[in-house]
Structures are given as structure tokens and as C-alpha cells.
Amino acid sequence: MSTALAGPLIAQTNTLPLPLGSGAFICSYTGGKIGPQVVCSPTTASNGHAEKVVDRILKPIGLIRNFKVIECSNTDNCFATVLKGQRFIVYDGAFMQQIEEETETDWSAISIMAHEIGHHLQGHTIDGRGGQPIKEIEADKFSGFVLHQLGASLDEATVAVRALGDEHATSTHPAKPARVEAIRKGWLEAESMYPKSRTAIKTPVAMAPKAITPTNTPAVAARPVIAPKAPVGSSSRVGCVSGDCEDGTGTFVYPTRERYVGEFEEGDKHGEGVEYYADGKLKYKGNFRDNLRSDYGVYYYRNGDKYAGWFQNNIPNGKGTYYFADGDKIVATFRNGKPMQ
């Protein structure tokens with residue numbers, strides 16, 4: 001999929017004047033200055049490739065393209081604008097090919113195009129406020145989210161802005177570190193919703209045993225769990241933040257900010273370990289097998305309830321005691337999370 005956007009998109013017999021500098025919104029990806037007017041007159045028949053790339057970007061978020069994409073030579077950039085009510089994304093094929101060659105990946109060109117699409121989808125091109133740093137941050141975050149959905153790694157999602165971003169902020173564009181951080185946030189937001197990494201897929205972060213409602217009694221109001229907090233440090237980092245998270249003992253922080261501290265085997269939670277909620281409160285303390293809560297453990301519910309007993313495949317199975325937040329309890333043999341009579 002090399003030179004993803006190098007080919008011209010559409011054929012036009014008439015020139016297309018873009019009123020740059022006339023008050024219309026113009027987002028230039030690099031933040032560089034473009035002349036007061038650019039006249040585009042593409043004449044080569046479309047190969048349809050750029051349209052396919054754009055539709056590929058839109059597919060993960062379920063949207064249909066409502067703007068035109070054209071190639072405009074000698075602009076050395078890619079930008080979004082509006083002309084007479086029509087939305088455009090304009091790109092210089094040679095510029096896009098050059099950035100692909102410099103970064104040795106076509107993710108750079110795709111991320112630039114995703115950034116410009118983000119401007120249109122978030123209404124930046126029609127609000128009458130012109131270019132603003134906050135708009136660039138929002139478009140960068142959108143780019144990070146979409147590239148995650150397309151299969152890019154976090155490094156691949158940020159490769160373009162790391163190559164082209166300015167180290168210093170301007171009146172319209174933030175400095176490079178802020179833009180990289182925005183892309184990172186978008187990518188991690190997508191990862192927390194649709195995990196793709198090996199460990200995140202296998203780790204049942206969202207799988208929690210269902211709380212039990214006492215028979216013939218109203219549900220107990222939630223109350224905080226008094227439990228030790230997770231170890232402090234590296235709160236902004238995601239992944240293995242300390243130790244050996246492959247075959248040993250380590251600490252792993254998930255995109256949801258939940259945390260696991262304990263034993264690993266071949267990258268899985270395996271052995272004794274402790275899980276913590278995102279706010280640092282204790283979630284589970286006990287044993288794991290192949291990433292699943294197994295054997296004996298204690299699970300702390302958000303509503304103040306607690307289960308202490310045997311687990312199988314993440315769920316209470318076997319003898320155990322369920323403690324309600326109001327002081328009542330059930331001592332029983334559990335099957336698939338439910339106490340048996």
C-alpha cells in the first residue's frame with residue numbers, strides 16, 4: 001500500500017480557485033504559509049485510489065464522505081477548506097509521496113488525510129472562527145483514534161507529526177509535543193474501547209462477576225470499599241510499567257487505567273496477583289490461570305459487596321461467601337456466579 005495518496009483523484013476541465021487568505025478556514029497540516037490564492041487544475045484521470053483511502057478512513061466510524069478530495073500540485077501540503085459551501089480536502093501528491101518515503105511507511109500520509117477529515121467532521125471548516133490550536137488538537141486526536149481502528153500502532157499513528165510538526169507553537173498550530181500527545185490520547189481512547197493489543201485482548205478487564213441482589217430485600221445503596229490503594233508511580237504510562245510482565249512478577253497498566261500487580265507467564269496473568277480499579281481501589285486479590293481469575297480469591301464490588309471463595313473462568317464457582325455491603329452474607333456453593341440452594 002505504498003504511495004497511498006500519490007495519484008491524482010479527479011479530472012477537472014476548469015481550474016479550481018481556493019481562496020486562501022481570504023478569511024475562509026484553511027487547515028494546513030504543517031502550519032506552513034500558503035500563498036494568498038492557489039489555483040488547482042488537475043487534468044489527469046482519476047485512478048480512484050485516494051477516494052478508497054478516504055473511504056477506508058471513514059468506514060470504522062460509519063460515516064459517508066460528504067466532501068471532495070482533489071490533488072493540487074506545488075502546495076507542499078495537505079489542507080481542508082470550504083469554497084462556496086462545498087467542502088474540500090486538497091493534497092499535493094508529490095508532498096504525500098515524499099513524506100511516505102522519508103518515514104518509510106504509508107501510515108504517515110494516511111494519518112495526514114485522517115487529520116484533515118477530522119476538521120470537516122468536527123465542523124472546524126464552517127464555524128467562521130478560522131484556524132486555532134484547539135482545532136488542530138481535536139483533529140490530531142481524531143487521527144489517532146482512526147489510525148488505531150485501521151490497525152496502526154501508536155508509533156505509526158504519530159510518525160507524520162513527529163516528522164513534520166513544529167517544535168514551537170504558532171497562532172494556529174500547537175507545538176509538536178502537544179500534537180503527539182493528542183494523537184496518543186485518541187489512539188489510547190480507541191484501544192480502551194476496542195482493544196487490539198495481544199495482552200489487552202486476552203485480559204478480561206471488563207469481565208466482572210455479577211453482584212447479587214438479596215431476595216425480598218431492596219438493592220443496597222452503593223458505598224465505598226475500604227481497601228488498600230494501588231502502588232503509586234507511572235500513572236500516565238500504559239503497558240508494563242515495572243518488573244517482568246512476560247515471565248515473572250510485574251505491574252501492568254491498561255488503557256482504562258486499571259492495574260494488575262502480580263505474576264505473569266508467557267504474557268498472561270498467571271499465579272498470584274492483585275487487580276485495582278482505575279481510581280486505585282482494590283478490585284481482586286487471589287489467583288489467576290491464563291489471564292482468568294481461578295482457584296481462591298476475593299473480589300471487591302463497586303457497590304461495597306465482596307465475594308470470597310473459589311473462582312473458575314473469572315466467575316465464582318465452588319464454595320464461597322458473598323458479603324453484602326449492609327452486613328448480611330450468603331454462604332453457599334456457587335455455580336457460574338449464582339449461589340445454589
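These legends go with a set of close-ups of a predicted model.

Before you dive in, residues are counted from 1 along each chain as its sequence is written, and side-chain values use heavy atoms, with hydrogens and water left out. Since this is a predicted model, local features need pLDDT of at least 70 and side-chain atom pairs count only at pLDDT 80 or more, while totals for chains, interfaces and linings use all residues.

**Figure 1. The whole protein, with its seven helices and 16 strands.** Helices (H or I, at least four residues) and strands (E, at least two) are DSSP runs, numbered from the N terminus. Of the 341 residues, 47% count as buried, meaning under 20% relative accessible area with a 1.4 Å probe and protein chains only. The accessible surface comes to about 16800 Å², and carbon and sulfur atoms own 51% of that; the areas come from the Shrake-Rupley method with a 1.4 Å probe. Take the contacts (heavy atoms within 4.5 Å) with a separation of 6 or more: residues 24 or more positions apart account for 49% of them.

**Figure 2. Where helix H3 meets helix H5.** H3 (residues 107-121) and H5 (residues 154-164) pack at about 85°, their axes 8 Å apart. Axes here are lines fitted to C-alpha atoms, for helices over the stretch in contact, and angles run from 0 to 180 degrees between N-to-C directions. The two helices are therefore roughly perpendicular, the label for 65 to 115 degrees. H3 brings Trp107, Ser108, Ser111 and Ile112 to the contact, and H5 brings Glu156, Ala157, Val159, Ala160 and Leu164. Sorted by class, that's six nonpolar, two polar and one charged residues; Ala, Val, Leu, Ile, Met, Phe, Trp, Tyr, Cys and Pro count as nonpolar, Asp, Glu, Lys and Arg as charged, and the others, Gly among them, as polar.

**Figure 3. Helix H4 packed on helix H6.** H4 (residues 133-150) and H6 (residues 176-193) pack at an angle of about 40°, with axes 7 Å apart. That makes H4 oblique to H6, the term for whatever is left once angles under 35 degrees (roughly parallel), over 145 (roughly antiparallel) and 65 to 115 are taken out. Among the H4 residues in the contact are Phe145 and His148, and H6 offers Trp187 and Met193, among others. The contact divides into eight nonpolar, four polar and six charged residues.

**Figure 4. A close look at Lys176 in helix H6.** Lys176 counts as buried because its relative accessibility is 15%. Leaving aside neighbours within four places in sequence, Lys176 touches Val161, Arg162, Gly165, Asp166 and Glu167.

Conventions. Buried < 20%, exposed > 50% of the residue type's maximum accessible area, 1.4 Å probe, protein only.
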